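User: I am new to this structure and would like to see how its descriptive terms are justified. Please take me through them one at a time, setting each value against its definition.

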Amino acid sequence: MSDAPVTHIDLADFAADPYPALARMRAETPVTYVPELGATLLTRRDDIHTQEKRTEVFSSRQPDGLMTRLMGENMMRKDGDAHMAERRALFPALSPRTVQEHWKPIFEAAAQYHIKRLVPRGTCNLVTDFAMPVAASALKAITGLEAMTDAEMDGVSQAMIDGCANYAGDKGIESRCKRATRFIDDHISDATEGPPARSALQVMTDAGLPPDSIRANIKLIISGGQNEPRDAIAGTVWALLKHPSQLAMILDGRATWGDAFAEYARWISPIGMSPRRVERADTVLGVTFEPEDRVFLMYGSANRDEAHFALPDTFDITRSTQSAISFGAGPHFCAGAAAARCLITEVALPLAFAELKNLRLAGDAPFAGWAFRGPVKMPVKWDT
């Protein structure tokens, strides 16, 4: 462990609402060791933005880390040339041009299918009944694992992100994650002979990546490509319904769906943390780090840093989010950012508000998580 000042947290409270504890850390101990997580946390935006790029010290490669042990060594757990080689192999499936020309029509068709089934009902849980299948349909197409059901895709994604955030060592969570990865491997094997055109499976196969890397990267895409769009779709709808004056700004053209999503991603940070392993000893920000120390870059804290965002706990789509690092920074910036923005801001959000007339909340929408955060449920009603 580093020699950073120690901060204790209550894990249940931190999962329910991490922001008060993170605010105290930023103010009092911006680099702090948290025994309950077994890691040193960096909590200020500028520190994270700078140190994330210093992969020679804060390495993404974590041979004994949860993600590597449970899902295989994917590109997120590699640095330098090894990372870039796999990123380049995947790029043809996720480039902005591919997203607009190939995936967007597929996203639109799937979202229209799901919304049309909902309209007559007049009520639903927006997380499970709209955001989940819309995200899953997109992800099945992108990965090439089209034989999965929407519920299966959502289930294996959730099992993997739970496993990757299982720093308390819950054996049940670990077991569910391992079952999910075996299920994905079976579907990859079934799809390998004829993967769909432009899918991640197809472009990585064509690039000659070894099977272990393909499997690990498909799992990476699933772990980040399902829960985060799902939670951001439902969560941004919730934020706009809780702030009707800001929704009105979008509906009358004074703001955009992109503004709303960018601010929601800053405010809630669906990806709240990125882990690093200390590669070599160094002293950073007055703290001495030793090889193999575990470090967490707390995006959820960086995105509420008072040095960059006035009233950071307030949802405000008129603010500049340029300083936010919701998709990470440096060489590991999210490879699927263009696909996520398209699905959420060009398809799901405008469709929900256009088709679900007088959409409104019908109960509480509790949120949970700190490494990955989103609404657990979101009851809504609309006019039929």
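User: What makes the meeting of the side chains of glutamate 279 and arginine 277 a salt bridge?

Analyst: The term asks for a side-chain nitrogen of Lys or Arg within 4 Å of a carboxyl oxygen of Asp or Glu. In this predicted model, where local features need pLDDT of at least 70, side-chain atom pairs count only at pLDDT 80 or more, and totals for chains, interfaces and linings use all residues, glutamate 279 and arginine 277 meet at 2.6 Å, N to O, so the pair satisfies the definition. Side-chain values use heavy atoms, with hydrogens and water left out, and residues are numbered from 1 along each chain as its sequence is written.

User: Why is arginine 277 called buried and glutamate 279 partly exposed?

Analyst: Buried means under 20% relative accessible area, exposed means over 50%, and partly exposed lies in between, with a 1.4 Å probe and protein chains only. Arginine 277 has a relative accessible area of 10% and is therefore buried, whereas glutamate 279 has 40% and is therefore partly exposed.

User: How do you know that arginine 230 forms a salt bridge with aspartate 231, and are these two residues buried or exposed?

Analyst: The closest N and O atoms of arginine 230 and aspartate 231 are 2.8 Å apart, which fits the rule for a salt bridge. Arginine 230 counts as buried because its relative accessibility is 8%, and aspartate 231 counts as buried because its relative accessibility is 6%.

User: Which parts does the salt bridge between arginine 61 and glutamate 73 tie together?

Analyst: Arginine 61 and glutamate 73 form a salt bridge with their closest N and O atoms 3.3 Å apart. Arginine 61 lies in the loop between strand E3 (58-59) and helix H4 (66-71), and glutamate 73 in the loop between H4 and helix H5 (80-94), so the pair ties together parts that are 12 residues apart in sequence. Helices (H or I, at least four residues) and strands (E, at least two) are DSSP runs, numbered from the N terminus. Arginine 61, at 40% relative accessibility, counts as partly exposed, and glutamate 73 counts as partly exposed at 27%.

User: How many salt bridges does the rule give?

Analyst: The count comes to 26 salt bridges. Asp185, Asp212, Arg215 and Lys219 are linked in a network of such bridges.

User: What makes strands E2 and E8 a pair?

Analyst: Two strands pair if DSSP finds at least two bridges between them. Strand E2 (residues 39-42) and strand E8 (residues 294-297) are joined in the parallel sense over 3 bridges, and leucine 42 stands opposite leucine 297 in E8. Strand E5 (residues 274-278) is joined to E8 by 4 bridges, and these strands run antiparallel, with serine 274 standing opposite leucine 297 in E8.

User: Why does the structure hold 0 disulfides?

Analyst: A disulfide is a pair of cysteine sulfur atoms within 2.5 Å. The sulfur of cysteine 177 is 5.7 Å from the closest cysteine sulfur, in cysteine 164, and is therefore too far for a bond. The sulfur of cysteine 334 is 14 Å from the closest cysteine sulfur, in cysteine 342, which is likewise too far for a bond. Cysteine 177 is buried, with a relative accessible area of 0%, whereas cysteine 334 is partly exposed, with 26%.
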